[in-house]
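Colleague: Can you take me through this model? I'd like to start with the helices and then move on to packing and surface.

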Amino acid sequence: MGNARIFILILWLIGVLAAAQLAKIAVLAATLADTFEISIAFTGLLISLIEVGGAVFGLAAGMALGRAAEGIGYLLIVIAAPTLIAAIASERGRAPALSLWSTFVAVGMAVGSVVTGIAFATLGLRGALLLWPLLSALAIGAVWHLPAAAPSARQALAFPDTAAWIATIGFGLYTTFICALTMLFPSFLVEQA
């Protein structure tokens with residue numbers, strides 16, 4: 001039971017690290033726009049390509065996901081971690097563990113903003129950008145120690161029910177709004193003022 005909690009905490013921390021990657025670009029958006037002489041609106045378009053790539057390749061990655069790829073990339077973390085958490089957690093601990101997992105984006109955005117801001121102030125643009133790959137490399141060591149989830153007896157691809165599609169579309173619209181509002185709107189206001 002103790003090991004399960006440690007593994008779940010490691011998965012959550014890796015999710016937080018992955019979500020922090022979105023915030024780092026938001027913090028640096030104005031500087032990147034100035035550096036490359038592009039507008040904040042165009043910078044936002046480039047940032048959104050990260051999420052578009054996740055949406056386009058999510059189904060294929062979900063079908064092809066294996067143990068070796070669980071710790072590589074934001075998309076793979078988002079797909080693999082909840083499945084592993086559900087497999088690792090006890091019956092009684094599954095709901096609290098998945099509730100903890102549901103906080104990774106908000107916590108990651110906050111941590112990513114704070115750490116990137118401090119890194120930018122002390123290390124400059126390149127230092128702030130290099131910090132995150134270093135932190136990600138450290139996290140890979142933790143991922144290799146996670147137990148492999150037992151294979152499911154069900155191997156066929158099954159599409160979710162209508163309610164799941166509606167919830168997914170709603171979450172997508174919410175994410176689009178909140179990311180634009182919290183990530184780029186402050187930079188846009190600064191540029192306009």
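Colleague: Where is the kink in α5 centred?

Modeller: On Leu123, where α5 kinks by about 135°. A bend at a residue is the angle between axes fitted to the seven residues ending there and the seven starting there. This is a predicted model, in which local features need pLDDT of at least 70 and side-chain atom pairs count only at pLDDT 80 or more, while totals for chains, interfaces and linings use all residues. Residues are numbered from 1 along each chain as its sequence is written, and side-chain values use heavy atoms, with hydrogens and water left out.

Colleague: How far apart are the end C-alpha atoms of α5?

Modeller: Only 16 Å, although α5 has 40 residues and a straight helix would reach 58 Å at 1.5 Å a residue. The expected span is 1.5 Å times one less than the number of residues. Helices here are DSSP runs of H or I with at least four residues, strands are runs of E with at least two, and both are numbered from the N terminus.

Colleague: And how far does α1 reach?

Modeller: Helix α1, residues 2–36, reaches 49 Å from its first C-alpha to its last, close to the expected 51 Å. There is a bend of about 60° in α1 at Ala29. Glu37 follows α1 and has a positive phi, near 55°.

Colleague: How many helices and strands are there in the protein?

Modeller: There are 6 helices and 0 strands.

Colleague: OK, packing. Which residues touch the most other members of the largest nonpolar core?

Modeller: Ile8, Leu11, Ile77, Ile85, Ile88, Trp101 and Phe104, out of 23 residues in that core. α1, α3 (74–88), α4 (94–101) and α5 (104–143) each supply at least two residues of this core, and the largest share, 11 residues, comes from α1. Another core, of 7 residues, lies apart from it, with Leu22, Ala23, Ala29 and Met183 among its members. A nonpolar core is a set of buried Ala, Val, Leu, Ile, Met, Phe, Trp, Tyr and Cys residues joined through side-chain atoms within 4.5 Å.

Colleague: What share of the protein is buried?

Modeller: 28% of the 193 residues. Buried means under 20% relative accessible area, exposed over 50%, and partly exposed in between, with a 1.4 Å probe and protein chains only. The buried residues of α5 include Phe104, Gly108, Met109, Gly112 and Trp132.

Colleague: Switching to the surface. Which residues make the nonpolar patch?

Modeller: Phe177, Leu181, Phe185, Phe188 and Leu189 make a patch of about 460 Å². Patches are made of residues with over 30% relative accessible area and no salt bridge; like charges are joined within 9 Å, and nonpolar side chains (Val, Leu, Ile, Met, Phe, Trp, Tyr) within 5 Å. Phe188 sits in helix α6, residues 162–192, and counts as partly exposed because its relative accessibility is 34%.

Colleague: What does α6 come up against?

Modeller: I can give C-alpha distances. Thr176 of α6 is 8.9 Å from Ser48 in space, with their positions 128 residues apart in sequence. Pro186, also in α6, is 9.5 Å from Ala30 and 156 residues apart from it in sequence.

Colleague: Last one. Which residue forms a salt bridge with Arg94?

Modeller: Glu91, with the closest N and O atoms 3.1 Å apart. A salt bridge is a side-chain nitrogen of Lys or Arg within 4 Å of a carboxyl oxygen of Asp or Glu, and the count comes to 1. Glu91 is exposed at 66% relative accessibility, whereas Arg94 is partly exposed at 26%.

Conventions:
Accessible areas come from the Shrake-Rupley method with a 1.4 Å probe; for residues, only the protein chains shown count as cover.
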